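Here is a short set of exercises to work through with the model open beside you. Try each task before you read its solution.

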Amino acid sequence: MSRIEIRHVSKAYGKTVALKDVTATISDGKICGLLGRNGAGKTTLLNIITNRIFADQGQVYINDEPVIENDKIQGTIFYMTEKTLYPKETRVSEVFKITKGFYPSFDLDYAASLSDRFKLEPRKKISSLSTGYLTILKLVLTLASDAPITIYDEPVLGLDANHRDLFYKELISHYNDAPNTVILSTHLIEEVTRLLEDVIMLREGAMLLDQPVDSILQLAYTVSGDQESVDRYAVDKKVISRETLGRYKSATLYQTRTAADDELISQLGLDLMPAKLQDVFISLTN
Amino acid sequence: MQLDAENEKPIFIQLAESIEDNILKGIYPEETQIPSTTEVAVTLKINPATVNRGVNLLVDDGIIYKKRGVGMFVCQGAHEKIMAKHKQAFYQNFLLPILEEAKNLGLSREEISQMLNSSTKIEPAEGRISNEPH
């Protein structure tokens, strides 16, 4: 059981507000996407969950226990940060051993097999790893940690297409074997949509959405066609974005689509397309 | 199995349809095992919960069945069931869009019939379509 509850969390750095009264729940055993534009507060939130910084207001609970100064709870989280915390002269194989010291559940065999597949050489020193391979090292550590909660912060930074593919497959395969709670914080939404079950969306430090991906996609749709017809359809409806090209117009809506809606869309001769998560994200965070 | 990001249908439905298509084409014959949820999830990089939703659609429709601890198999008679289902959906999914496009192009019923009758893709004995309006 690893349910994370974020309750009314606020954080400011001087006059800059990083998080504004954020409340959300991350369900046990699900892959949850933490999405937001640069500076939306994703990393601040993750740092509060993992007790690296303190919230000004509010609390984070894991299985009903506050996470602050709670070593037992913190020991169940493995957090892949953007920063590298190991001394530069440490070899990859030594990093594995050190990690095993901190996280008894760390799977050395799995780490070795992953290194092999990613062609990460265990003898190499951290200082000699490229940006991509530093990311790979951190991915291997996080995957092999076998922690009940794993958190990935921008997991594919600097990875080529093949390595990204390998990571996504490995993530799903490992999750399938041991369905732990996974948080994927990223701005590469298109790539991760299918991996996710739930989504938390932040905008300028405020909570925008906390929902299953399916429900979001069910609510979002785009109608397009003649400008006047689109306007006639969209009047008094929740429109999240519009685009015009001459007399052609498209509007993306975010609301329940009823049979009456479908009928009206067809009567007005409009085209109907479901929206993608990426579109919803762009519309809502603009 | 191919899923299309641009496709308008939800991923779990696309997945179910893709398995159905493979059964129709004989790639997954009746009473043989189909790939496991894990294999599908990993290969296509989809959340396993989504794969389960798609698979359960097919189980509910009597297209595939699960054998505990063994895997998933294509039901006896699945081929026929899928054919019946696709025939039912043919008007909605294929004919209707064609007719709408024909309307945009101003094609008459006669012109469409003529195209159908001269097409070598349908067998004349079964596929003959009357020029008379119904």
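For counting charges, Lys and Arg are positive and Asp and Glu negative, while His and the chain ends are not counted. Each charge is placed at NZ of Lys, CZ of Arg, CG of Asp or CD of Glu. This is a predicted model, in which local features need pLDDT of at least 70 and side-chain atom pairs count only at pLDDT 80 or more, while totals for chains, interfaces and linings use all residues. Residues are numbered from 1 along each chain as its sequence is written, chains are lettered from A and ligands numbered from 1 in the order in which they are written, and side-chain values use heavy atoms, leaving out hydrogens and water.

**Exercise 1. Get an overview of chain A.**

Step 1: Begin with the charges. Chain A has 33 positive and 39 negative charges, and their mean positions are 5 Å apart.

Step 2: Take the dimensions. The C-alpha trace of chain A spans about 65 × 40 × 35 Å along its principal axes.

Step 3: List the secondary structure. Chain A contains 11 helices and 14 strands; these are DSSP runs numbered from the N terminus, with helices being H or I of at least four residues and strands E of at least two.

Step 4: Turn to the surface. Chain A has about 13,700 Å² of accessible surface, and carbon and sulfur atoms hold 50% of that. Such areas come from the Shrake-Rupley method with a 1.4 Å probe, and for residues only the protein chains shown count as cover.

Step 5: Look at burial. Of 286 residues in chain A, 49% are buried. Buried means under 20% relative accessible area, exposed over 50%, and partly exposed in between, using a 1.4 Å probe and protein chains only.

Step 6: Finish with contacts, meaning heavy atoms within 4.5 Å. Among contacts in chain A with a separation of 6 or more, 68% join residues 24 or more positions apart.

**Exercise 2. Is A:Thr44 buried or exposed, and what does it touch?**

Step 1: Locate the residue. A:Thr44 sits in helix α1 of chain A, residues 42-49.

Step 2: Check its accessibility. A:Thr44 has a relative accessible area of 11%, so it is buried.

Step 3: Find its partners. Beyond neighbours within four places in sequence, A:Thr44 contacts A:Lys11, A:Tyr13, A:Ala18, A:Leu19 and A:Ile53.

Step 4: Widen the view to the helix. Because seven of the eight residues of α1(A) are buried, this helix is largely enclosed by the rest of the structure. Among those buried residues are A:Lys42, A:Leu45 and A:Ile49.

Step 5: Follow the chain onward. Just after α1(A), A:Asn51 adopts a positive phi of about 65°.

**Exercise 3. Set A:Thr90 beside A:Leu245.**

Step 1: Place A:Thr90. This residue belongs to the loop of chain A between β6 (77-80) and α3 (92-102).

Step 2: Judge its burial. With a relative accessible area of 9%, A:Thr90 is buried. Its contacts, leaving aside neighbours within four places in sequence, are A:Val95, A:Ile98, A:Lys124, A:Lys125 and A:Ile126.

Step 3: Place A:Leu245. It is part of strand β12 of chain A, residues 239-245, and counts as exposed because its relative accessibility is 67%.

**Exercise 4. Trace salt bridges in chain A.**

Step 1: Fix the criterion. A salt bridge is a side-chain nitrogen of Lys or Arg within 4 Å of a carboxyl oxygen of Asp or Glu. The whole structure, over all chains, has 18 of them.

Step 2: Examine A:Glu65 and A:Lys72. Their side chains form a salt bridge at 2.9 Å, N to O. A:Glu65 is partly exposed at 27% relative accessibility, whereas A:Lys72 is exposed at 60%.

Step 3: Move to A:Glu190 and A:Lys276, whose closest N and O atoms are 4.0 Å apart in a salt bridge. This pair links distant parts of the chain, 86 residues apart: A:Glu190 is in helix α7 (residues 189-192), and A:Lys276 is in the loop between β14 (271-274) and α11 (277-285). A:Glu190 is partly exposed at 40%, and A:Lys276 is partly exposed at 23%.

Step 4: Look for shared partners. A:Arg3, A:Glu5, A:Arg7 and A:Asp64 are joined into one network by salt bridges. Within it, A:Arg7 and A:Glu5 have their closest N and O atoms 2.8 Å apart.
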